[in-house]
Amino acid sequence: MNSVVCISHVPDTEARIKVAGKGVDETGLKFIVSPYDEYALEEAIRIKDAKGGDVTVLTFGPDRAAQALRECLARGATKAIHIKGDASTADALGIAKVLAAAIKTVPHDLVFFGKQGVGTDNGLVGPMVAELLGYPQVNVVTKLEVGEGKITVHREIEAAEEIIESSMPAVITAQKGLNEPRYASLKGIMAAKKVPIDTKSVADLGLQDADIFHQRVVMVSLELPPEKSGGRKIDGSDPVAAAKEILKYIREEAKAL
Amino acid sequence: MPGILVYCELKDGKLKKTSREALSIARKLAGSVGGDVVAVAVDAAYSTEKNAAALEAKVKEVQPAVLLFPGTSNGRDLAPRIAARLGVGVASDVDRLAWTDGKLRARRPVYSGKAFATVEITGTPAIATCRPNAFPVEEGAADPRVVNLPVPAIETKAKTIETKTPEAGEISIAEADIIVSGGRGLKEAANYSYIRDLAHAIGGAVGASRATVDAGWIDHQHQVGQTGRVVSPSLYIAAGISGAIQHLAGMSSSKHIIAINKDPEAAIFRVADLGVVGDLFQILPALTEEVKKAKGAH
């Protein structure tokens with residue numbers, strides 16, 4: 001059983017976002033492996049531990065993204081591919097074309113993604129890769145069982161759950177709750193340093209820059225929301241009086257009752 | 001005439017609210033885009049592969065300038081699939097749409113609402129998924145004739161073998177108009193009953209902070225914030241939630257926010273329209289009673 005896990009390197013969720021031009025100001029910004037990708041990676045590592053095979057981590061991004069690959073290798077991925085390029089100027093389909101081309105170069109039964117890259121919050125690339133490769137997809141997955149030649153997958157939908165059976169290869173996008181991701185061990189960190197990262201360019205994959213960058217969905221502007229100053233504050237030491245005041249707000253201002 | 005195609009979802013034969021929202025914005029755009037608004041639906045159990053094939057055939061027939069989806073689980077599953085098939089781009093989870101210089105412009109919250117990106121979608125059709133609760137339903141405009149798409153008889157690689165429906169009265173935070181959320185101030189899992197009681201009385205969904213989900217007090221489906229759901233209901237009531245940046249990012253676009261917290265310095269008060277400094281264990285039951293009385297009086 002071989003898996004490919006596609007990861008993205010994103011600003012830390014605790015970071016305050018600053019804007020520079022049409023993008024995020026990366027000065028002093030800490031980057032992390034996108035949180036949902038951690039569930040994807042953990043699931044792939046567990047399958048490898050149970051059934052053998054390789055876990056290849058794959059990313060499309062600038063030089064700093066190599067750090068994310070190292071972190072994944074330290075946790076238990078066995079191979080790493082880095083397609084270098086400024087993915088922030090590519091739209092989701094551009095990114096999907098790059099990843100799909102790279103995925104084709106390695107043996108795989110399952111292709112994992114996080115359900116969305118935290119930050120861009122698109123949730124598009126996984127299903128687009130599935131379409132480009134002609135694979136079935138199961139999105140927002142909270143449970144995965146690998147059987148003989150097929151998988152049984154739990155998918156989260158609005159306040160409910162679907163159980164889906166699929167053939168392989170397939171694309172899975174991971175939701176929080178799929179598993180409990182492990183931390184890297186010191187041994188893992190040391191071993192990861194010895195694994196070579198296979199670095200390629202978009203052109204190496206036989207793709208044209210003109211089909212990947214500044215295409216289809218183009219950034220016009222990036223803006224911060226207006227600061228909220230906070231509204232009225234009341235004393236709640238008399239609970240019944242406070243409740244009446246809240247109800248008045250709900251009915252008269254929010255008009256929700 | 002090439003116009004706007006809206007992929008709709010039905011429940012018990014009726015349009016879901018999120019689909020009515022997408023239709024409403026489609027009607028607004030239609031004047032500047034030109035052409036008709038065509039509403040389509042697949043009135044059968046959802047399958048990515050079957051619905052994609054059904055919709056692909058309709059897109060090729062109608063050749064719309066714009067293709068809109070409700071930003072539901074299935075809308076967000078299908079939109080990227082069909083976009084990749086057609087070789088066009090998608091703007092996901094948009095909260096504003098405009099037709100400018102012959103192109104679709106969309107605004108979308110990024111970094112869980114810490115910033116807003118405005119993007120231009122250059123392909124044809126221009127595809128967007130509409131964030132639930134972002135576009136008001138225009139009565140009348142949202143009730144056109146819905147064209148049922150024929151489901152192609154193709155063998156699919158993935159099959160849904162079971163659907164577990166929610167418990168009665170449970171509403172998903174993704175689509176809810178009112179959300180009552182609890183945080184660490186609840187002190188223990190059993191005290192979520194304070195949140196549930198108010199949510200049921202007011203007809204809202206139960207939300208949660210990351211801290212309580214990570215502590216195992218409540219399922220992740222309820223988590224609001226950067227690694228949960230980004231929500232924008234009409235009314236958001238936060239009780240015992242201090243307001244970590246990731247949580248604020250996930251809910252501060254709600255139209256009306258009430259916060260109840262015993263710490264007057266809690267960050268949640270910065271985004272609250274009405275802040276109540278006090279004990280949630282006393283205020284929530286009192287509020288639940290008041291809501292029940294108010295509803296009973298109707």
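Start with the polar contacts between chain A and chain B: 43 residue pairs qualify, both members at pLDDT 80 or more. A polar contact is a pair of N or O atoms within 3.5 Å; within protein, one must be able to donate a hydrogen and the other to accept it, and residues adjacent in sequence count only if both atoms are side-chain atoms. The model is predicted, with local features needing pLDDT of at least 70 and side-chain atom pairs pLDDT 80 or more, while totals for chains, interfaces and linings use all residues. Residues are numbered from 1 along each chain as its sequence is written, chains are lettered from A and ligands numbered from 1 in the order written, and side-chain values use heavy atoms, leaving out hydrogens and water.

**Stop 1: the A side.** Select helix 7 (239-252) of chain A. Helix 7 gives the most to the side that touches chain B, with 11 residues. Helices here are DSSP runs of H or I, at least four residues; strands are runs of E, at least two; both are numbered from the N terminus. Now colour this side by class: 39 nonpolar, 19 polar and 23 charged residues. Ala, Val, Leu, Ile, Met, Phe, Trp, Tyr, Cys and Pro count as nonpolar, Asp, Glu, Lys and Arg as charged, and the others, Gly among them, as polar.

**Stop 2: the whole interface.** Show both chains. 81 residues of chain A are in contact (heavy atoms within 4.5 Å) with 89 residues of chain B. The buried area is about 7300 Å², with 55% from carbon and sulfur atoms. That is the accessible area (1.4 Å probe) that two parts lose on being put together, summed over both. Pick Glu158(A), Lys176(A) and Lys228(A): in chain A they lose the most area to chain B, together 9% of what that side buries.

**Stop 3: salt bridges.** There are 5 between the chains. The rule is a side-chain nitrogen of Lys or Arg within 4 Å of a carboxyl oxygen of Asp or Glu. Zoom to Glu161(A) and Lys164(B), whose closest N and O atoms are 3.8 Å apart.

**Stop 4: paired strands.** Select strand 14 of chain A and strand 9 (residues 115-121) of chain B. They pair in the antiparallel sense over 6 bridges; pairing takes at least two DSSP bridges. Label Met219(A) and its bridge partner Val119(B).

**Stop 5: inside chain B.** Colour domain 1 (4-148) and domain 2 (178-296), bounds from an automatic or database assignment. Their C-alpha centres are 31 Å apart. The area buried between them is about 730 Å². Finish on Ser112(B), Lys114(B) and Arg131(B), which supply 63% of the area that domain 1 buries against domain 2.
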